[in-house]
Amino acid sequence: MAEAPAQTPLSTLRIDRSAAPLKRHRRMRWLIPTVLLLAVLTLLGVSLSRRAPTVHVAEVREPLPGEQQTELSAAGYVDSRRRSVIAPQIPGLLVDVTVEEGEPVKQGQVIARLDDRDARVALDRAEAEVLAAQAQLAASRAQAQNARRTTERTRNLAKQGVIPSAELLDVETAGSASQEELNAASARLGVAVRVREGARLQLSHTVVRAPFDGVVARKLADEGAMLAPAALEGTDLGGIIELVDLDALEVEAEVSEEQLSRIQPGQPALIFLDAFPDRAFSASVATVRPAIDRSKATATVMVRFQSVPKGALPDMGAKVSFLREPLPPDALDAKARSSRVPSSAVVQDGGGPAVWVVKDGRLARQPVRLGARVGEEVSLVEGPPAGTQVVVAPDSRRLREGRRVKVEAGSG
């Protein structure tokens, strides 16, 4: 009879629960960091999605007149063909200045007076010398006339044999001497008259007059100044005022010597003054100064206004556009020029052409009506005004109405 299997003690069938907490602890140790990492990534994604994107912008601009016809451009300054420092022709003490800065003057108008006391004394002396020379001339003339009559009578007597020939010779010699004295007196009178003319001229030089019509640009001296008769190089020594003819203004533009072959006298041009940035003035090339500045390798081109603009002044900054051909009649009319934007700023979608405008750091979609394409730009028949910032090459996936954006540094 077979033996029954041995009975297993019940104590050996107990479950060992000491290993379960250890496994759970290992799982929790990896689960918590994973959850935290997922939370951080989620927050980071939300933050990135809300962060203002950076955009590159350009400004809507009004095209400059003559852009398409411009051959080359140059910078320069306004100057006048007639611009002089007015100084007296003689040294002297300045006693009166009759004009002030900014005052218009006419040719021949008195602008200053010097102390004329010495000049008047010299003139009085010259007048007296003329009177003395005239009196001496009259006496010499009378003596010469008397000598001629005496010589004539003596010759008649000598022919009749009444007097000897030696006496006739003495009378003729005396007559010749009288005639020489008359000639000398006449010459002395001529000298005295010349001296008087010089004294009068010196007196007239004590009154300084304007040599041409103009405006007093600067007042260089006041009453009491002792003036020299001429100005020295680079200084205003002796100058009373600087006089400028504002009707003879032109622009001196500096052009590199490599570009001179592209400029000809009479060539049409446009002048843009820094003081009037929204205006352009018709002009033409007057002359090219026949000298090169070796330090800058440039030549000076004189560009003359077609009509000198009111308010233009010497030394104003200017830019000159030299044109290939004359402009059409309405080229300077701002109303005839449409604003332009880069072609890449225009988006085409179901709503029609539009641009993304940046205002106060937020986006706004603005519909536009397009005109002709000009190079890399397109003209706007209707759209935002000049100066408005628009997004260049906008990414439609990142842009939406009202979203805050950052403008890329250096754009606009």
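This report describes a predicted model of a protein chain, going from the chain as a whole to its cores, its sheets, a helix and a single serine.

## The chain as a whole

The protein chain contains three helices and 24 strands, and of its 412 residues, 33% are buried. Its exposed surface comes to about 25900 Å², of which carbon and sulfur atoms supply 53%. When contacts between residues at least 6 apart in sequence are considered, 75% of them join residues at least 24 apart.

## Two nonpolar cores

The largest nonpolar core has 22 residues, and those with the most contacts inside it are Val 251, Ile 271, Leu 273, Val 303, Val 320 and Phe 322. Two or more residues of this core come from each of strand E3 (70-80), strand E12 (249-256), strand E13 (268-273), strand E14 (281-293), strand E15 (298-305) and strand E16 (317-323), and the largest share, four residues, is given by E12. A second, separate core has 18 residues, among them Val 99, Ala 112, Leu 227 and Ile 240.

Val 320 can serve as an example from the largest core. Leaving aside neighbours within four places in sequence, Val 320 is in contact with Leu 72, Ser 73, Ala 74, Val 251, Ala 253, Ala 269, Leu 270, Ile 271 and Val 303.

## Two open sheets

One open sheet is formed by four strands in the order E4-E11-E9-E6, with antiparallel pairing. Strand E4 (83-86) and strand E6 (104-105) each have a single partner strand and stand at the edges, so one side of each is left without a neighbour in the sheet. Within this sheet, strand E9 (residues 214-219) and strand E11 (residues 241-244) run antiparallel and are joined by four bridges, and Lys 219 stands opposite Ile 241 in E11.

Another open sheet, again of four strands with antiparallel pairing, has the order E8-E7-E5-E10. Its edges are strand E8 (207-209) and strand E10 (226-227), each of which has a single partner strand, so one side of each is left without a neighbour in the sheet. Three bridges join strand E7 (residues 110-114) to E8, and these two strands run antiparallel; in E8, Arg 209 is the bridge partner of Val 110.

## Helix H2

Helix H2 (residues 117-160) has 44 residues and reaches 65 Å from its first C-alpha to its last, which is close to the 64 Å expected at 1.5 Å a residue. Just after H2, Gly 161 takes a positive phi of about 80°.

The buried residues of H2 are Ala 119, Leu 123, Ala 126, Val 130, Ala 133, Leu 137, Ser 140, Ala 144, Ala 147, Thr 151 and Thr 154. Helix H3 (165-205) is included in what covers these buried residues.

## Ser 343 and its surroundings

Ser 343 lies in the loop between strand E17 (339-342) and strand E18 (346-349). Its relative accessibility is 16%, and Ser 343 therefore counts as buried, since the term buried applies under 20%.

Not counting residues up to four places away in sequence, Ser 343 touches Arg 373, Glu 376, Glu 377 and Val 378. With Arg 373 there is a polar contact of 3.3 Å, which joins the side chains of the two residues. Glu 377 is 34 residues from Ser 343 along the chain, yet the C-alpha atoms of these two residues are separated by 4.9 Å.

Terms used:
Residues numbered from 1 in each chain as written. Predicted model: local features only at pLDDT ≥ 70, side-chain atom pairs only at ≥ 80, totals over all residues. Heavy atoms only, no water. Pairing = 2+ DSSP bridges. Buried < 20%, exposed > 50% of the residue type's maximum accessible area, 1.4 Å probe, protein only. Contact = heavy atoms within 4.5 Å. Polar contact = N/O pair within 3.5 Å; in protein donor to acceptor, adjacent residues only side chain to side chain. Expected span 1.5 Å × (residues − 1). Areas by Shrake-Rupley, 256 points an atom, 1.4 Å probe, with all protein chains shown as cover. Core = buried A, V, L, I, M, F, W, Y, C linked by side-chain atoms within 4.5 Å.
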